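User: I should like to understand how the descriptive terms applied to a protein model are justified. Please set each value against its definition.

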Amino acid sequence: PFMMVVPPTTQYSPSYVISTPPLHPVKFTNYMNIIVPSDKIAGLRLDGEPLSYTVDWHLVPQSNLSAATIQISTGSHSVRHRMRIVSFSVLVYGYAPFDSYGYPGGLRLADLRVCL
């Protein structure tokens, strides 16, 4: 099991660079969750390639957001939006037979008092 901090929408970012653990000594199955405004899905890029047509997106109830889970390979990856003003969330996690990990892909450390 693992525990992860989930950033608020006010601290979403328009780009992330994430990394998974190496294959040795433990081989993890790695995943990434993305949460993005539903009307902005088409602009997402994983390692430079569009995500909109290759991923099964789900609407987040009572919001304008959509979410997807994507299995990712071992190593480093970049996740960006074509439009630098579009913010979204990335959560990275993985499982192995006797181990697991999880972390937020990053966040903007904005002054939340200004965002409220």
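Analyst: The questions below take up sheets, buried residues, contacts and aromatic rings in turn. This is a predicted model, in which local features need pLDDT of at least 70 and side-chain atom pairs count only at pLDDT 80 or more, while totals for chains, interfaces and linings use all residues. Residues are numbered from 1 along each chain as its sequence is written, and side-chain values use heavy atoms, with hydrogens and water left out.

User: What makes β2 and β6 a pair of strands?

Analyst: Strands are DSSP runs of E with at least two residues, numbered from the N terminus, and two of them pair if DSSP finds at least two bridges between them. Eight bridges join β2 (residues 29-37) to β6 (residues 65-72), so the criterion is met. The two strands run antiparallel, and isoleucine 34 has alanine 68 of β6 as its bridge partner.

User: Why are β5 and β9 said to stand at the edges?

Analyst: Both belong to an open sheet of five strands with antiparallel pairing, in the order β5-β6-β2-β8-β9. β5 (58-59) and β9 (99-104) each have a single partner strand, so one side of each lacks a neighbour in the sheet.

User: How do you know that β7 pairs with β1 and with β3?

Analyst: The bridge counts decide the matter. β1 and β7 are joined by five bridges, and β3 (residues 44-46) and β7 (residues 76-81) by three; both pairings are antiparallel. Serine 15 stands opposite arginine 80, leucine 44 opposite histidine 81, and leucine 46 opposite valine 79. These strands belong to an open sheet of four, ordered β1-β7-β3-β4. There, β1 (15-19) and β4 (49-50) are the edge strands, because each has a single partner strand.

User: Why is methionine 32 called buried?

Analyst: Buried means under 20% relative accessible area, exposed means over 50%, and partly exposed lies in between (1.4 Å probe, protein chains only). Methionine 32, in strand β2, has 0% relative accessibility and therefore counts as buried. Its contacts (heavy atoms within 4.5 Å), leaving aside neighbours within four places in sequence, include Leu46, Ala68 and Val79.

User: What makes the link between asparagine 30 and tyrosine 101 a polar contact?

Analyst: A polar contact is a pair of N or O atoms within 3.5 Å; within protein, one must be able to donate a hydrogen and the other to accept it, and residues adjacent in sequence count only if both atoms are side-chain atoms. The side chains of asparagine 30 and tyrosine 101 meet at 2.6 Å, so the distance lies within the limit. Asparagine 30 lies in strand β2 and is buried, with a relative accessible area of 2%.

User: Why is the pair of tyrosine 93 and tyrosine 95 described as edge-to-face?

Analyst: A pair of aromatic rings is described by the distance of the centres and the angle of the planes. Rings of Phe, Tyr and Trp (its six-membered ring) pair if their centres lie within 6.5 Å; planes under 30 degrees apart count as stacked, over 60 as edge-to-face and the rest as tilted. The structure holds seven aromatic pairs. For tyrosine 93 and tyrosine 95 the centres are 5.9 Å apart and the planes stand at 75°, so the pair is edge-to-face. Both residues belong to one aromatic cluster with Phe2 and Tyr31.

User: Which of the terms buried and partly exposed applies to tyrosine 93, and which to tyrosine 95?

Analyst: Tyrosine 93, with a relative accessible area of 12%, is buried. Tyrosine 95, with 43%, is partly exposed.
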